[in-house]
Amino acid sequence: MLNPQSPIPLYHQLADILMEGIRNGDYPPGARIPSETQLAKDYGIGRPTVRQAIDLLVRRHLLTRRRGSGTYVCAPDREIDLFSLAGTSSAFHKQGIDVAVDLLDPPSSIRVDGDDGNPFAGGTAFFLSRLSRVDGAPVLLEEIYLHPVLFKGIEGMDLTGRSLSQVAETQFYLRPADGRQTFRIDYLDDRRRALMDVRSRTPILTVHRYLHFKQAQNAVFSILYCNTDRFVFSQQIGGLNHE
């Protein structure tokens, strides 16, 4: 039951109880939770307090309201591991998600302008970009810079439909030994916004990925633009995943 003497607001206590019920399977995905009237009666509180609790869980994407029907438990978010060394396509496939990858810019040697955070700034690198779609909707835009010596010859390869991590291992005998990622929220420029099919003020998760190899540090630098409307993008803690 709720504790009116607790410093924790009653609506927050109720939200915690409902959330625990969801986690324990008392309210499985797709199940309808009790009505606001029933919850108010069960816990001896007013409907506005119940509504605050439900609003909180709706914002957390645990519940969804259906007009004229009630409030239902959402299906769990599908997580995409952004640090899978098997590649981002593999990360989608491991979750049973069919992803289509469009190669926007095939690999070519470019001069890299002074870009904050880009380890190739002021020099040359191989550059390629690709766009991943799920059910036709863009979910991930990748801009990838490769070491100009370690990946020499990649500009002549057709990477359409191929895993970059597998190409690195099988064609160049390269496998990441270490790496790091930084995260921030950005708003896209017109070109990237059109590719991702988002509005001008839609926040996008932007990830800078640095992969280190035995032969060179920062041999691969990627910028990933992630649309989080449909997926949770995660990162494992405790080491790199080589699966």
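## Overall make-up

The secondary structure of this protein consists of six helices and 10 strands. The model is a predicted one. Of the 243 residues, 43% are buried. Among contacts with a separation of 6 or more, 57% are between residues 24 or more positions apart.

## Nonpolar cores

In soluble globular proteins, nonpolar side chains tend to be buried together. The largest nonpolar core here has 18 residues, and the members that touch the most others are L146, F151, I154, L164, L174 and V220. Strand 5 (124-134), strand 6 and helix 5 each contribute at least two residues to this core. Helix 5 gives the largest share, four residues.

V220 shows what surrounds one of these members. Not counting neighbours within four places in sequence, V220 is in contact with I144, Y145, L146, F151, R209, Y210, L211 and F213. Another core lies apart from the largest one; it has 17 residues, including L2, I22, I54 and L63.

## Aromatic pairs

Five aromatic pairs are found in a search of the whole structure. One of them joins F151 and F172, with ring centres 5.4 Å apart. The planes of these two rings meet at 55°, and the pair counts as tilted because that angle is neither under 30 degrees, as for stacked rings, nor over 60, as for edge-to-face ones. F151 lies in the loop between strand 6 (137-146) and helix 5 (164-172), whereas F172 belongs to helix 5, so the pair links distant parts of the chain, 21 residues apart. Both rings belong to buried residues: F151 has a relative accessibility of 2%, and F172 has 13%.

A second tilted pair is formed by Y210 and F221, at 4.9 Å centre to centre and with 40° between the planes. Y210 is in strand 8 (residues 204-212) and F221 is in strand 9 (residues 220-226), so this pair ties together parts that are 11 residues apart in sequence. Y210 is buried, at 7% relative accessible area, and F221 is buried as well, at 1% relative accessibility. F127, Y145, Y210 and F221 make up one aromatic cluster.

## Charges over rings

Y210 also takes part in a contact with a charge: the charged end of R180 sits over the ring of Y210, 4.2 Å from the ring centre. A similar arrangement involves R66, whose charged end sits over the ring of Y72 at 4.0 Å from its centre.

## Helix 2 and its cover

Helix 2 (residues 36-43) has E36, L39 and A40 among its buried residues. These three cover an arc of only 100° around the axis, so they are on the same side of helix 2. An α-helix has 3.6 residues a turn, so residues three or four places apart point the same way.

The buried residues of helix 2 are covered by parts that include helix 1 (10-24), helix 3 (47-59) and strand 1 (63-66). After helix 2 comes G44, which has a positive phi, near 65°.

## Two threonines

T71 is part of strand 2 (residues 70-73). With a relative accessibility of 10%, T71 counts as buried because the value is under 20%. Leaving out residues up to four places away in sequence, T71 touches A31, R32, I33, I54, L63, T64 and R65. Of these contacts, I54 and L63 are also named among the members of the 17-residue core.

T182 is in strand 7 (residues 178-186). Its relative accessibility is 31%, and T182 therefore counts as partly exposed. With residues up to four places away in sequence left out, T182 touches T206, V207 and H208. The C-alpha atoms of T182 and Y210 are 8.8 Å apart in space, and the two residues are 28 apart in sequence.

## Cysteines

A disulfide is a covalent bond between the sulfur atoms of two cysteines. With a cut-off of 2.5 Å between cysteine sulfur atoms, the count of disulfides is zero. C74 is partly exposed, at 21% relative accessibility, while C226 is buried, with a relative accessible area of 0%.

Terms used: Residues numbered from 1 in each chain as written. Predicted model: local features only at pLDDT ≥ 70, side-chain atom pairs only at ≥ 80, totals over all residues. Heavy atoms only, no water. Phe/Tyr/Trp six-rings, centres within 6.5 Å; stacked < 30°, edge-to-face > 60°. Buried < 20%, exposed > 50% of the residue type's maximum accessible area, 1.4 Å probe, protein only. Lys NZ or Arg CZ within 6 Å of the ring centre and 35° of its normal. Core = buried A, V, L, I, M, F, W, Y, C linked by side-chain atoms within 4.5 Å. Contact = heavy atoms within 4.5 Å. Arc of directions from axis to C-beta.
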